[in-house]
Amino acid sequence: MATVKNGQVVLKGYIEGAPKKDDMEMKIGTVELKAPKGSGALLVKNLYLSCDPYMRARMRNFHGSYIQPFVPGQPIEGFGVAKVLDSDNPNFKPGDFISGFTCWEEYSLIHNTSQLRKIQPDDSIPLSYHLGLLGMPGFTAYAGFYEICSPKKGECVFVSAASGAVGQLVGQLAKLHGCYVVGSAGSSQKVDLLKNKLGFDEAFNYKEETDLDAALKRYFPQGIDIYFDNVGGAMLDAALLNMQVHGRIAVCGMVSLHSYSDPKGIHNLFCLVTKRIKMQGFLQSDYMHKFPQFLEHVTDSYKQGKIVYIEDMTEGLETAPAAFVGLFSGKNIGKQVVCVARE
Ligand code: NAP
């Protein structure tokens, strides 16, 4: 098999504060298009790569989290969709499409195949959706909403970062469940999408609100039953004040804090007591036993036109650093994906 050039995006070194494009760089390596005998590995061609907020946490030299830091100088690891070119593993063959952990490079040799999922190509579903709607973010929405929020028909649901990879599905699942759903997002274009494409009952631009507490009171005069928190910080503080008695808060992520090494405190935690609120953090990976059920439910709903999905795709591996950095200023509209190659 041939040896070819392999473009790669590497992290230059561990970072502080908000990520910048220059924290990463392109390198050109070489790769033999072969899975060595006895390795059990796959040699894949990467087609689509996922930009996810949690990756920011892997850019610091901290080993005490649920996931290891990136290795500076090595290609960045992340979720991707790829095509198998060569296999030394009986479970995969050349031509198979897979999704799971790969690297930010054109070709990858994947040794750890245990978490990879084989994709059956389906003309009605773009392959890249296996990084969003049918991938980790979609599953996060599903697991967080059904397993943590205990939703009931008619309840009032608030979703922050609502037009993003996770939030847009949370809102749609809540609507299908018969809930009243309001989303917050960071631009008028996103607010318009939430109301007119994603079917939210209401949406508002949190950047235009001088008083988040007053904004939530406007949309939830009776209070919030479920808050699906993607952002933390000031929005969480305001939501606490507006929760209904026995409300639930699913703490999915705190993207507003990713860039700050010294985050501000939350002031309204006393509401947990007075309103008997259940607030629970979760990781989607704890619910993998529900993945097949999720895949069937969301695939069917998508094919029946009950769910839509918005993707933001950039073209070319070299666009990955800017696409990733854009997550932290809200540049992405929908799930951020990088197309490295189409086949
Ligand atoms: P995303 O929403 O597609 O992209 C990030 C969005 O966050 C941006 O578009 C921006 O939207 C918003 N944002 C950025 N900086 C912000 C700030 N300072 N304050 C408020 N909003 C800000 O990302 P995602 O993949 O769906 O992830 C959403 C959240 O879920 C993240 O916190 C992520 O870490 C978390 N997550 C958790 C799990 C889990 O297992 N628990 C799994 C996946 C993701 P606006 O323009 O609307 O501000």
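These questions and answers cover the ligand site, the nonpolar core and two loop residues of a predicted model.

Residues are numbered from 1 along each chain as its sequence is written. In this predicted model, local features need pLDDT of at least 70 and side-chain atom pairs count only at pLDDT 80 or more, while totals for chains, interfaces and linings use all residues; side-chain values use heavy atoms, with hydrogens and water left out.

Reader: How many residues surround the ligand?

Author: A residue is near the ligand if one of its heavy atoms lies within 4 Å of it. The closest are V166, K190, Y206, Q284 and N332. The full number is 26.

Reader: Which ligand atom lies 2.8 Å from a backbone N or O atom of F282?

Author: A polar contact is a pair of N or O atoms within 3.5 Å. V166 has a backbone N or O atom 2.8 Å from a ligand oxygen. G186 has a polar backbone atom 2.9 Å from a ligand oxygen. For F282, the ligand atom is a nitrogen.

Reader: What share of the ligand's accessible area does the protein cover?

Author: Accessible areas come from the Shrake-Rupley method with a 1.4 Å probe. On its own, the ligand has 910 Å². The protein covers 91%.

Reader: How many charged residues does the shell around the ligand have?

Author: Asp, Glu, Lys and Arg count as charged; Ala, Val, Leu, Ile, Met, Phe, Trp, Tyr, Cys and Pro count as nonpolar; the others, Gly among them, as polar. The shell has 15 nonpolar and 10 polar residues. The charged number is 1.

Reader: Which element gives the largest share of the largest nonpolar core?

Author: Such a core is a set of buried (under 20% relative accessible area, 1.4 Å probe, protein chains only) Ala, Val, Leu, Ile, Met, Phe, Trp, Tyr and Cys residues joined through side-chain atoms within 4.5 Å. This one has 41 residues; L133, F145, V157, V159, L169, F228 and V298 touch the most other members. Among the elements that each supply at least two residues are strand 8 (156-159) and helix 7 (291-303). The largest share, 6 residues, comes from helix 1.

Reader: Where is S150, with its positive phi?

Author: Phi of S150 is near 45°, and the residue is not a glycine. S150 is partly exposed, at 41% relative accessibility; that class lies between buried and exposed (over 50%). Its place is the loop between helix 1 and strand 8.

Reader: Is R276 buried, partly exposed or exposed?

Author: R276 also is not a glycine, and has a positive phi of about 50°. It sits in the loop between helix 6 (271-274) and strand 13 (278-281). At 47% relative accessibility, R276 is partly exposed.

Key. Polar contact = N/O pair within 3.5 Å; in protein donor to acceptor, adjacent residues only side chain to side chain. Helix = DSSP H or I, 4+ residues; strand = E, 2+ residues; numbered from the N terminus.
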